[in-house]
Amino acid sequence: MNKELLEMYKNLGITQKTAEFGEEIAAKLKERFAKIDEVAEYNQMKVLMALQKNQVSEACLHGTTGYGYNDLGREKLEAVYADIFHTEDALVRPQITCGTHALALALMSNLRPGQELLSPVGKPYDTLEEVIGIRPSKGSLAEYGITYAQVDLLPDGGFDWEGIRAAINERTHLVTIQRSKGYQTRHTLSVTEIGELVSFIKSVKPDVICMVDNCYGEFVETIEPTDVGADMVVGSLIKNPGGGLAPIGGYIAGKKECVENAAYRLTSPGLGKEVGASLGILGTFFQGLFLSPTVTASALKTAIFAANIYEQLGFSVLPNSTESRHDIIQAITFGKAEAVEGFCRGIQAAAPVDSYVTPIPWDMPGYDAPVIMAAGNFVSGSSIELSADGPIKPPYAVYFQGGLTWPHGKLGILKSLQSLVDIGVVLW
Ligand SMILES: *Cc1c(COP(=O)(O)O)cnc(C)c1O
């Protein structure tokens, strides 16, 4: 390893042994990283062409105030998203406060009382339980008389085709498909798998709306769920498509009617997409989107690097060191609390912001065990930036994601490893 770089790592608290172990692992990943770069290259062109086709101009980077009528930048941005996802329309707004809000908006605006929502891929993301009313909550779909049905994945992770066919009835109006495993142990769905599922559902009931929760999946592959038949994709701008620059926001891209329904719900019946001042935020949305393919690639490399490091050291990792990736989340099971805490301290110590603080577990509302979180972010809570969290309960697993640049992601993982070496969890 280059001496200058070793010295730099040493100054950052990483011993020669840790640095060299990391180097050995990284060297074996060259071919895989080259494939990730190819996907990023393709997606970079896709984004660039959409920006050029829509003639995004300097004027588009400045926003409107007040009602936000005739917001040229906002309209172009939405056209750019529609082109990237190959959809009829899109809604991309800072007024959509987070991913959960975007998903709730898509659901509440496209379902009516008496209709049923179906998840054919098991339990949805935690926060959606309250949106749907699986856990009773004010304003849930359940309160509005919208029912929910769920078909779990089979024990081998496959779709329960017969179960799904049986669950679809005359009231089934919208099907929600979560692409990423989120914080569950199932595998993340590939876009191809999502395509098979959508085709099957449409063969049973052609007019049902297929929505995909696309969080953490954007730009991981060269195609998106809307390229394989999904009617609507939904996600957060403080994850992949914001490229680390968007300070807030969410998007819904899909069929004109679905997007229109969402717009009338977000603002007001009669107003829809016509209002919603973008203030001064559009520059970050455009530039973040432009950076997103390579930022997502960096996060993917960081996740694969971590899987290879920790698998080599004997820990159970999900996905494993070699399997194909369809989102940017990595889980590592340590089996003991001090290891989860040590890992998170290492990630925090590598951060560009708040690197000097020590994360400790706390009783977060809504969780049944203390949770430790590491996030030294430019954008609060952003999980496209290097971040980790773990509930302090068996099996003592940590989930991490992000990394705006590969060199920084690599440093973060090396810091986590060094932290585990220092407390004697990893013995050389
Ligand atoms: C992050 C995430 C959400 C919710 O997003 P928030 O921005 O945290 O509200 C929903 N679904 C999946 C799969 C996610 O990863």
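A polar contact is a pair of N or O atoms within 3.5 Å; within protein, one atom must be able to donate a hydrogen and the other to accept it, and residues adjacent in sequence count only if both atoms are side-chain atoms. The model is predicted: local features need pLDDT of at least 70, side-chain atom pairs count only at pLDDT 80 or more, and totals for chains, interfaces and linings use all residues. Residues are numbered from 1 along each chain as its sequence is written, and side-chain values use heavy atoms, with hydrogens and water left out.

**Exercise 1. The ligand**

Task: find which residues are around the ligand, then find polar contacts to D213, G99 and K239.

Solution.
- Step 1. Take each residue with a heavy atom within 4 Å of the molecule, which is the rule for being near. The residues are C98, G99, T100, L103, Y125, Q178, D213, C215, Y216, S236 and K239.
- Step 2. Start with D213. A polar atom of its side chain lies 2.6 Å from a nitrogen atom of the ligand.
- Step 3. Turn to the ligand's oxygen atoms. One is 2.7 Å from a polar backbone atom of G99. An oxygen atom is also 2.9 Å from an N or O atom in the side chain of K239.
- Step 4. Look at the backbone of Y216. Its phi is near 75°, a positive value in a residue other than glycine. Y216 sits in the loop between β5 (209-213) and β6 (232-236). Helices (H or I, at least four residues) and strands (E, at least two) are DSSP runs, numbered from the N terminus.

**Exercise 2. The seven-stranded sheet**

Task: give the order of the seven strands in the open sheet with mixed pairing. Which strands stand at its edges?

Solution.
- Step 1. Apply the pairing rule: two strands pair if DSSP finds at least two bridges between them.
- Step 2. Read off the order, β1-β7-β6-β5-β4-β2-β3.
- Step 3. Find the edges. β1 (89-93) and β3 (147-150) each have a single partner strand, so one side of each is left without a neighbour in the sheet.
- Step 4. Add the twist, which averages 20° from one strand to the next. Axes are lines fitted to C-alpha atoms, for helices over the stretch in contact, and angles run from 0 to 180 degrees between N-to-C directions.
- Step 5. Check one pair. β6 and β7 (residues 250-254) run antiparallel and are joined by five bridges. V233 stands opposite A253 of β7.

**Exercise 3. The five-stranded sheet**

Task: trace the open sheet of five strands and locate the cis peptide bonds at P319 and P395.

Solution.
- Step 1. The order is β8-β9-β12-β11-β10, with antiparallel pairing. At the edges are β8 (316-318) and β10 (371-375), each pairing on one side only. Neighbouring strands are turned by 15° against each other on average, direction ignored.
- Step 2. Pair β8 with β9 (residues 330-333): three bridges. L318 has A331 as its bridge partner.
- Step 3. Go from β9 to β12: four bridges. Here Q330 partners F400.
- Step 4. Pair β11 (residues 387-391) with β12 (residues 397-401): three bridges. D389 partners Y399.
- Step 5. Place the cis bonds. L318 and P319 are joined by one, with omega about -5°, and P319 lies in the loop between β8 and β9. Another joins P394 and P395, with omega about 5°; P395 is in the loop between β11 and β12.

**Exercise 4. Empty space**

Task: what lines the largest cavity, and which element gives the most to the lining of the second largest pocket?

Solution.
- Step 1. Fix the terms. On a 1 Å grid over the protein atoms alone, a cavity is a set of points where a 1.4 Å probe fits but cannot get out; a pocket is an open set with protein on both sides within 12 Å along at least five of seven lines; lining residues have an atom within 4 Å of a point. Grid points are joined across faces, edges and corners, and a volume is the space filled by probe spheres set on the points.
- Step 2. Count: there is one cavity of 30 Å³ or more. The largest cavity holds about 50 Å³.
- Step 3. List its lining: S119, V121, G122, K123, P124, L128, T176, I177, Q178, R186 and D213. Strand β4 (residues 172-178) gives the most, with three residues.
- Step 4. Move to the second largest pocket, of about 230 Å³. Its lining includes R32, K35, E221 and R325. α3 (30-53) and α10 (282-312) are the elements that give two or more residues. α3 gives the most, with four.
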